[in-house]
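Thanks, everyone, for making the time this morning. I would like to walk you through one model, beginning at one end of it and working inwards.

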Amino acid sequence: MFSLSPGQAHDAPHGRRLLNRLGVQNRKRFLVMDRAYEGENTRQLALDLGYSPVVPPKITRLDPWEYDQQMYKRRK
C-alpha cells in the first residue's frame, strides 16, 4: 500500500493516515522511515500500532533513541 502526497505538503500527516489504514499489527514488524517521519507523533503512532520504527533521531534531540543503523542504511 502506498500514498502520494502533494509536492509542497509535509509527508508526515499523510504517512500517519497510511499507518492508520494499515491498522494494528499482530506480529512485530520493522518500519523503516525517512527522517521526515521522525517526529514524536509519527513514531508514537508506529509504536502504538505494533511496529518497531527504524528512523534516526534529529541531531538536536535531547533524548535520542537507538535504531538499527544497518537496516536504515539499506532503505531504498
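Let me start with lysine 73, which is found in helix H3, the helix that spans residues 69-73. Please bear in mind throughout that this is a predicted model. Is lysine 73 buried or exposed? With a relative accessible area of 56%, lysine 73 lies on the exposed side, because the cut-off for that class is over 50%. In sequence, lysine 73 is 41 residues away from valine 32, and yet the C-alpha atoms of the two are separated by 9.7 Å.

That brings me to the strands and to the overall arrangement. The chain has three helices and two strands, and if you read along the sequence you meet them in the pattern α-β-α-β-α. Strand E1, residues 29-32, and strand E2, residues 51-54, pair in the parallel sense, and four bridges join them. Valine 32, which I mentioned a moment ago, has valine 54 as its bridge partner in E2, while phenylalanine 30 has serine 52 as its bridge partner in that strand. Between the strands comes helix H2, residues 40-48, and together E1, H2 and E2 make a right-handed β-α-β unit.

Staying with E2 for a moment, which way do its residues point? Tyr51 and Pro53 point one way from the strand, Ser52 and Val54 point the other way, and all of these are buried.

Now to the interior. The largest nonpolar core has nine residues, namely Leu19, Leu31, Met33, Leu45, Ala46, Leu49, Tyr51, Val55 and Trp65. I would pick out leucine 19, which is found in helix H1 and counts as buried because its relative accessible area is 7%, against a cut-off of under 20%. What does leucine 19 touch, leaving aside its neighbours within four places in sequence? It is in contact with Leu31, Thr42, Leu45, Ala46, Leu49 and Tyr51. As for one of those contacts, the C-alpha atoms of leucine 19 and threonine 42 are 8.9 Å from each other, with the two residues 23 apart along the chain.

Methionine 33 is another member of that core, and, not counting residues up to four places away in sequence, methionine 33 touches Thr42, Arg43, Pro53, Val54, Val55 and Tyr72. Threonine 42 therefore appears among the contacts of leucine 19 as well as those of methionine 33, given that contact here means heavy atoms within 4.5 Å. Helix H1 also holds glycine 15, which at 14% relative accessibility counts as buried. From glycine 15 to methionine 33 the distance is 9.6 Å, C-alpha to C-alpha, for a separation of 18 residues in sequence.

Let me finish with the chain as a whole and with the confidence. Of its 76 residues, 33% count as buried, and the accessible surface comes to about 5,800 Å², of which 50% belongs to carbon and sulfur atoms. Among contacts between residues at least 6 apart in sequence, 36% join residues at least 24 apart. The average pLDDT is 88, and 88% of the residues score at least 70. In the comparison given for the chain, confidence is lowest in helix H1, residues 11-22, at a mean of 88, and highest in E2, at 95.

How values were computed:
Residues numbered from 1 in each chain as written. Predicted model: local features only at pLDDT ≥ 70, side-chain atom pairs only at ≥ 80, totals over all residues. Heavy atoms only, no water. Buried < 20%, exposed > 50% of the residue type's maximum accessible area, 1.4 Å probe, protein only. Areas by Shrake-Rupley, 256 points an atom, 1.4 Å probe, with all protein chains shown as cover. Pairing = 2+ DSSP bridges. Right-handed = clockwise from strand over helix to strand, strands pointing away. pLDDT = per-residue confidence, 0-100. Core = buried A, V, L, I, M, F, W, Y, C linked by side-chain atoms within 4.5 Å.
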